[in-house]
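I opened the notebook to record what I looked up in this structure, entry by entry. I kept to what could be read off the coordinates.

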Amino acid sequence: MSNAQSFTPREIVSELDRYIVGQNKAKRAVAVALRNRFRRQRVPAELRDEIAPKNIIMIGPTGVGKTEIARRLAKLAQAPFVKVEATKFTEVGYVGRDVESIIRDLVEQAIDLVRSEQIEEVRSKAARNAEDKLARLLARPQQPDEPETVPQSFGPFSFNVPKPRSEPVIPEVELNDWRKRLRTDELDERMVDIEVEEKGGGMPLMSIFGGPGMDDLERKMGDMLGQLPGAKGKAKRRSVRVAEARKILEDQEAERLVDMDKVKRLAVERSEQSGIVFLDEIDKIASRNGAQGADVSREGVQRDLLPVVEGSSVSTKYGVVKTDHILFIAAGAFHVAKVHDLIPELQGRFPVRVELESLTREDFVRILTEPKNALTRQYQALLATEGIALTFTDDAVVALAEYAAEANERAENIGARRLHTILEALLEDLSFRASEMTEKEVVIDRARVTATLAPILASDDLSRYIL
């Protein structure tokens, strides 16, 4: 259980406030859901499996923070997270597609997450091993580029594989001397020959078939082909600087030290106990009563999703994953269809419903200034790489918020995404000329914002603002 999941709901909301403006109802709902996971782990074992997560439906227009809330929650909890558009299962060629692929994607995310954590745990040992290996490479005589080969059989096949090289005996005193020199960085620019395994050499033969039930076959074929000599990827000798060689060898050693069986086991457990699935555009698969045609397909998608959301066992290449305690967060605008247009069984699996509010001018001002990753700070950081100090005055920020709110009223309301297009239009010329400018301090005030944006918004053609 991640330490982040022991945060109180108030602490979780506070963390989300650092990146997302407003939407307190939604933040409180996901904070309670995350805290309940921590509480569930502390109840008696006989009751623990009976407590199901309270899945959430977020209702609100695009660009108000639905996806960002779920994504930030998963990052805070160090939980595997996958976002899927519910409409992908209604597209041509996808009707009847295996919706269990959502859980397989979640497990893949968990594998990457756990593997990264395990690599960090062995990083210091990997660094020591890499240093030792690098010292031996520097101390031993140069090996020939083409090693001797010997024939080796695998069933009816025969291969030539490199003959193992005998390692020269190097006195420990000499090795210690090389280690000391490596730690002083005096050898960083020296060239050394190392063997680098070429990635991507293996071909996932069965992945081209896809579809349900193919994971086990793909895994078995991969295991069988992995026994072939050279199947792990061909090692290629490269001459690189010592500084680069150190990093390559550290990565290789870290990969070698990580127990992948443990990674797979922990990833499956993390997926089951901490996984978060974000089902976007769920309103697009809602169907009206008595509807025919395309609505029948939408209802079919709902019924396909139902077992996964309710709780089922999904077979993956890493083992069987139970979905009973995965948190599902659904989201949609629900402008036309309503939540009650979903089939009753699916509605029942999303007991928590929160409405997100449309963003106002005041919200835009806060979005531009308050979050840790505010857009104004992003542009300042980008232009700082060109040596330009960019400053936004308070009245410029207010003007930007006003133009964003006006553009959303006159065209499609795309929420905070409008700020991206507004700022791009405002700073397009500056971004183009930044690398050539001699002026290193640029102040954006209301006058500059008005001069740039007013002529655009005066036109009825707002197409350049539509994402």
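The entries below go from the whole chain to a sheet, its strands, the helices and one residue.

**Entry 1: the chain**

I noted before anything else that this is a predicted model. I counted the secondary structure and found 17 helices and 13 strands in the chain. I then looked up burial, and buried residues make up 41% of the 467 residues. For contacts with a separation of 6 or more, I found that 78% are between residues 24 or more positions apart.

**Entry 2: the sheet**

I asked in which order the strands of the open sheet lie. The sheet has 5 strands in the order 2-7-10-1-11, and the pairing is parallel. Strand 2 (81-85) and strand 11 form the edges, each pairing on one side only. From one strand to the next, the twist averages 20 degrees.

**Entry 3: strand 1 and its partners**

I went to strand 1, residues 56-59, and checked both of its faces. I56 and M58 lie on one side and I57 and I59 on the other, and all of these are buried, so that I can call both faces covered, burial here being under 20% relative accessible area. I looked next at the pairing of strand 1 with strand 10 (residues 327-332), where 4 bridges join the two strands and the run is parallel. I57 has A330 as its bridge partner in strand 10, while M58 stands opposite A331 in that strand. Strand 1 is also joined by 4 bridges to strand 11 (residues 352-355), again in a parallel run, and there the bridge partner of M58 is V354.

**Entry 4: strand 10**

How many residues of strand 10 are buried? I found 6 of its 6 residues buried, which leaves the strand mostly covered. I sorted these residues by direction: L327, I329 and A331 point one way, F328, A330 and G332 point the other way, and all are buried. I also followed strand 10 to strand 7 (residues 276-280), to which 4 bridges join it in a parallel run. The bridge partner of L279 in strand 10 is A330, the residue that I had already listed as the bridge partner of I57.

**Entry 5: helix 1 against helix 2**

I turned to helix 1 (residues 9-17) and helix 2 (residues 24-40), which pack at an angle of about 130 degrees with their axes 8 Å apart. That angle makes helix 1 oblique to helix 2, and I recorded the crossing of the two as right-handed. On the helix 1 side, the residues in the contact are P9, I12, V13, L16 and D17, and they meet N24, K27, R28, V30, A31, L34, R35 and R39 of helix 2. Sorted by class, the contact of helix 1 with helix 2 has 7 nonpolar, 1 polar and 5 charged residues.

**Entry 6: helix 1 against helix 4**

I then looked up helix 4 (residues 66-77), whose axis comes within 10 Å of that of helix 1, the two crossing at roughly 120 degrees. Helix 1 is therefore oblique to helix 4, and the crossing is right-handed. I listed I12, E15 and L16 from helix 1 and I69, R72, L73 and L76 from helix 4 as the residues that make the contact. In the contact of helix 1 with helix 4 I counted 5 nonpolar residues, no polar ones and 2 charged ones. I12 and L16 appear in this list, and they also take part in the contact with helix 2.

**Entry 7: helix 5 and L106**

I checked where helix 5 (residues 101-121) sits, and it lies across strand 2, strand 7 and strand 10, running at about 150 degrees to strand 2. From this helix I picked L106. Is L106 buried or exposed? L106 is buried, because its relative accessible area is 0%. I listed what L106 touches, leaving aside neighbours within four places in sequence, and got P80, F81, V82, S271, G275, I276, V277 and I326. I closed with a C-alpha separation: L106 and A79 are 27 residues apart along the chain, and their C-alpha atoms are separated by 9.9 Å.

Definitions and conventions. Residues numbered from 1 in each chain as written. Predicted model: local features only at pLDDT ≥ 70, side-chain atom pairs only at ≥ 80, totals over all residues. Heavy atoms only, no water. Axes fitted to C-alpha atoms, helices over the stretch in contact; angles between N-to-C directions. Parallel < 35°, antiparallel > 145°, perpendicular 65-115°, else oblique. Left-handed = near helix turned anticlockwise from the far one by under 90°. Contact = heavy atoms within 4.5 Å. Nonpolar A, V, L, I, M, F, W, Y, C, P; charged D, E, K, R; others polar. Buried < 20%, exposed > 50% of the residue type's maximum accessible area, 1.4 Å probe, protein only. Pairing = 2+ DSSP bridges.
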